[in-house]
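Please open the model in your viewer and keep the selection tool at hand, since each stop of this tour begins with something to select.

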Amino acid sequence: GLYSFVSTSATGNILLTKEGYTAVERSYSATAGSGVEVFDARLTPIDSKANPADANGALTASDADHKIQIQFAPGSFPAGTDVRITSVSPQGLANLLPLGWSPIPGAAVDLRVFGETEFSNRNFASPANLTIPQIAGLPSNLPVVLARYNSAAHVWTVVQTNLFAGANGALQANIPASGQYVFLVADTGATAPPTAAAGENL
């Protein structure tokens, strides 16, 4: 539905959450006495497949459709922790992307412990390996960037650059923490964004 709020602050961030769904943020900026409409927000149902960590805190997790797989090293989670891997559509990302960046359809992942209702932020002792086995039509010579949503700073942060698809458009990268990740391609020509650098904001 459509909701209207009165704010005492001219700028800020709106957090939208619902139990059993991913979270979404929207930033706003308005002048006194005026209104502003924020971009539509879509929350995604958390994937139904449970992935319990073994006695050593390791596991191989996937979504219910087995389109995404993440391999976790021992010690990543307490034994028995239920980890959920949810595929997110380009319209369901945690926040809007900066101009000049486009998400690859089928290549956005929400990784969290089941029951978390906001943004997940659990650092791993060792990086986990994220694999998306197939992205239809993704050329192997197209440079790809992996970004993670930083909910504390309300920005997308670059995790890795100069990634390229493998056979069948497969994408693979190491990730340092839970949260929401998206594989991106940059515009070319007049709308090309600044060059991405690992550890910096998009």
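Strands here (E, at least two residues) are DSSP runs, numbered from the N terminus, and two strands pair if DSSP finds at least two bridges between them. This is a predicted model, in which local features need pLDDT of at least 70 and side-chain atom pairs count only at pLDDT 80 or more, while totals for chains, interfaces and linings use all residues. Residues are numbered from 1 along each chain as its sequence is written, and side-chain values use heavy atoms, with hydrogens and water left out.

Begin with strand 8, residues 123-132, and add strand 11, residues 171-177. These strands run antiparallel and are joined by six bridges; if you pick asparagine 123, you will find its bridge partner, alanine 177, in strand 11. Next add strand 5, residues 69-72, which also runs antiparallel to strand 8 and is joined to it by three bridges. Here glutamine 71 stands opposite asparagine 129 of strand 8.

Now turn to the spaces. On a 1 Å grid over the protein atoms alone, a cavity is a set of points where a 1.4 Å probe fits but cannot get out, whereas a pocket is an open set with protein on both sides within 12 Å along at least five of seven lines; lining residues have an atom within 4 Å of a point. Grid points are joined across faces, edges and corners, and a volume is the space filled by probe spheres set on the points.

Select Tyr3, Ser4, Phe5, Ile14 and Val38. The largest pocket has a volume of about 970 Å³, and of the 30 residues that line it, these five are the closest to its centre. Strand 1 (11-16) and strand 2 (24-29) each supply at least two residues of this lining, and the largest share, four residues, comes from strand 1.

For the second largest pocket, of about 160 Å³, select lining residues including Trp101, Pro143 and Thr161. Its lining divides into eight nonpolar residues (Ala, Val, Leu, Ile, Met, Phe, Trp, Tyr, Cys and Pro), three polar and no charged; Asp, Glu, Lys and Arg count as charged, and the others, Gly among them, as polar.

Where should you look for the largest cavity? Select Asp110, Leu111 and Arg112, which are among the residues that line it. The volume of this cavity is about 50 Å³, and strand 7 (101-113) and strand 12 (179-186) each supply at least two residues of its lining.
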